[in-house]
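Me: Please take a close look at one part of this model, the metal site. I would like a connected account of what holds it and where its ligating residues sit.

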Amino acid sequence: MLTGYEHLLRAADRLRWDEADIDLRGDTRAWAALDEVRRAPLRRLMAGFLVAEEAVAAALHPFVAAAGDPVVRACFAAQQADEERHARFFARVADEVVGVHPHDAPRAVRDLFTRRLPDTAMALARGDATLADGVALYHLILEGVVFAAGQEALVQALGDTDLDGVRAGAARVQADERWHVGLGVRCLQDAGLAVEQLEALLARGECAARAWGLRGVDAERAAQVHRRRVALCQTGRAVSR
Ligand SMILES: [Fe+2]
Ligand SMILES: [Fe+2]
């Protein structure tokens, strides 16, 4: 039963990286040379990740505490280390390259990560929400839909720029987020959600896919992947993103 979790822990070990190793000096020069049309969507995406990664890093304690099994707990703890690294990486990018602030993030993204997520994490800590409730929002909606859609847009937007350090870090973050979403699906498979919970999860995913509100963020594709993932939560088949 725990095989899936052990596999995820091995993935976490294999993927570990250090944001301090990424050299952003060339990126600072490349950003200065980039025209404003290219900078504007990148700025919104980076500001979104600046806010969101800090929020998810701060919200994981109740998940670690609520996990009954030590291997599952170890997965959430490994994820927390990843999120703290992601938050440090985007803080460096904001500070050293792009010069953005949290208020530059799209309002719907800020609302999801700085209001909805802490509210749910606090409810979990109080015992007023289940671990499955928390995972459904955190791993399936915020990471599986909002992060995934934003990361694909970010990687695309960086594609032909000379922002090599940012691109390298974003690719690392994207790889980490895949196992985090896999962890969420695995938890929800174990929780065995009722049909109405799955339907609510589908509806929230459709709405969250539009949170960025930016051209270049493919909300329809994010919603489509989410629908497939929710079906996996129901059937218990292998997880992929
Ligand atoms: Fe993250
Ligand atoms: Fe994550």
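Reply: A residue is called buried when its relative accessible area is under 20%, with only the protein chains taken into account. Glutamate 177, in this predicted model, has 0% relative accessibility and therefore counts as buried. Glutamate 53 is also at 0%, so the term buried applies to glutamate 53 as well.

Both residues are ligands of a metal. The iron ion (ligand 1) is coordinated by Glu53 (OE), listed twice, together with Glu83 (OE), His86 (ND1) and Glu177 (OE). The distances run from 1.9 to 2.7 Å. Along the chain, the donors of the iron ion (ligand 1) follow the spacing E-x29-E-x2-H-x90-E. Glutamate 53 belongs to helix α3 (residues 36–58) and glutamate 177 to helix α8 (residues 164–191), so this pair ties together parts that are 124 residues apart in sequence.

Glutamate 83 has a further role in the geometry: it bridges the iron ion (ligand 1) and the iron ion (ligand 2). The two ions lie 3.4 Å apart.

For a packing detail elsewhere in the chain, take valine 98, which is placed in helix α5 (residues 70–98). Valine 98 is buried, at a relative accessible area of 7%. Leaving out residues up to four places away in sequence, valine 98 touches Trp31, Arg43, Met46 and Val93. Of these contacts, arginine 43 is 55 residues from valine 98 in sequence, with a C-alpha to C-alpha separation of 6.7 Å in space.

Technical notes
Residues numbered from 1 in each chain as written. Chains lettered and ligands numbered in written order. Predicted model: local features only at pLDDT ≥ 70, side-chain atom pairs only at ≥ 80, totals over all residues. Heavy atoms only, no water. Donors = N, O, S within 2.8 Å, 3.2 Å for Na, K, Ca; no water. Helix = DSSP H or I, 4+ residues; strand = E, 2+ residues; numbered from the N terminus. Buried < 20%, exposed > 50% of the residue type's maximum accessible area, 1.4 Å probe, protein only. Contact = heavy atoms within 4.5 Å.
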